[in-house]
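Here's a quick briefing to read with the structure open beside you. Have a look at the fold before going through the points below.

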Amino acid sequence: MSSALPYINPFDDGRSPAGAAAGMDEASSLIDAVFRLERAVTRIGNTRLRPWKMTLSSYTALRILANQPHLSLAQLSRRCYARPQTMTRMVTQLENRGFVARAAHPESERALSLQVTEAGLAALEEMSDEVLKISDTLNATLGRDDIAATDGRLRQAALVVENELRDMGRPEE
C-alpha cells in the first residue's frame, strides 16, 4: 500500500473541525473521487433538465439512440449501463412523450428496434445546449488534454475491473 492521500469526508460540510486523514490509499481515493464526480454530474444534469421533465439518464438514452438508431432494448441497456428493467421503464416514458418509437428490428425477428422521433430530436437539440454546459465547465477546469488522458485511463481501469468480475464468475450488473 502506498502513502495515503488527504481524504475529503463526503459528510463534512466544512463547518466541523479538521479531522485526521482517513488513511485511504490512492486507488480508494480515486474511487471516492469518481463516485463524487458521477453524483455531482448526475445532480447538475438532472437540475438542468428539470424544465423538460427529463433525467440525465433519459437524456443519455435519447442521445445514444439518436446516434445509433435501431438498437434493441437490451443493446441500449448495455450502452447506458442500466438494468433491462430500468431501461424498459425509461423507454416507455420516452415513448409516451413521443420521443422514441418502437418498430420491428431490421436484423432480428424477436427484438424491437428503437428510434428517436422528430419530436425527440427536437427536444434533444433543445436540451443539449443546457447539458453541454457541464462539459464546458470540465473543459475549462481540467483542460482537454487532461480530460482525454484521464478518460483513457479510467476506461482502461474499468475494463480491468470488469474482467476481474468476469473471472470471479459473477455477472455484471
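**Surface patch, pocket and salt bridges**

On the surface of this predicted model, L30, V34 and L154 make up a nonpolar patch, and together they offer about 220 Å² of accessible area. Two of those names, V34 and L154, turn up again among the residues nearest the centre of the largest pocket.

**Overall layout**
- The chain has 6 helices and 2 strands, and they come in the order α-α-α-α-β-β-α-α along the sequence.
- Of the 173 residues in the chain, 20% are buried.

**Helix α6 and L154**
- L154 sits in helix α6, which covers residues 144-167.
- With a relative accessible area of 35%, L154 is partly exposed. That value clears the over 30% cut-off for patch members, so L154 can be counted in the patch on that score.
- Helix α6 runs for 24 residues and spans 34 Å from first C-alpha to last, close to the 34 Å expected at 1.5 Å a residue.
- After α6 comes G169, which has a positive phi, near 80°.

**The largest pocket**
- How big is the volume of the largest pocket? It comes to about 2600 Å³.
- Its lining takes in 45 residues, and V34, E38, Y81, L154 and R155 lie nearest the centre.
- Helices α1 (26-49), α2 (56-67), α3 (73-79), α4 (84-96), α5 (118-142) and α6 each put at least two residues into that lining.

**Salt bridges**
- The count of salt bridges comes to 4.
- One of them pairs the side chains of E130 and R48, at 2.9 Å from N to O. This pair ties together distant parts of the chain, with E130 in helix α5, R48 in helix α1, and their positions 82 residues apart.
- Both partners are partly exposed: E130 has 21% relative accessibility, and R48 has a relative accessible area of 21%.
- E130 also meets K133 in a salt bridge, at 3.2 Å from N to O. K133 and E130 are 3 residues apart in helix α5, so about one helical turn separates them.
- K133 is partly exposed too, with a relative accessible area of 36%. Through shared partners, salt bridges join R48, E130 and K133 into one network.
- Another salt bridge brings together the side chains of E95 and R102, at 2.9 Å from N to O. E95 counts as partly exposed at 30% relative accessibility, and R102 is partly exposed with a relative accessible area of 29%.

Note on methods: Residues are numbered from 1 along each chain as its sequence is written. This is a predicted model: local features need pLDDT of at least 70, side-chain atom pairs count only at pLDDT 80 or more; totals for chains, interfaces and linings use all residues. Side-chain values use heavy atoms; hydrogens and water are left out. Patches are made of residues with over 30% relative accessible area and no salt bridge: like charges are joined within 9 Å, nonpolar side chains (Val, Leu, Ile, Met, Phe, Trp, Tyr) within 5 Å. Accessible areas come from the Shrake-Rupley method with a 1.4 Å probe; for residues, only the protein chains shown count as cover. Helices (H or I, at least four residues) and strands (E, at least two) are DSSP runs, numbered from the N terminus. Buried means under 20% relative accessible area, exposed over 50%, partly exposed in between (1.4 Å probe, protein chains only). The expected span of a helix is 1.5 Å times one less than its number of residues. On a 1 Å grid over the protein atoms alone, a cavity is a set of points where a 1.4 Å probe fits but cannot get out, and a pocket is an open set with protein on both sides within 12 Å along at least five of seven lines; lining residues have an atom within 4 Å of a point. Grid points are joined across faces, edges and corners, and a volume is the space filled by probe spheres set on the points.
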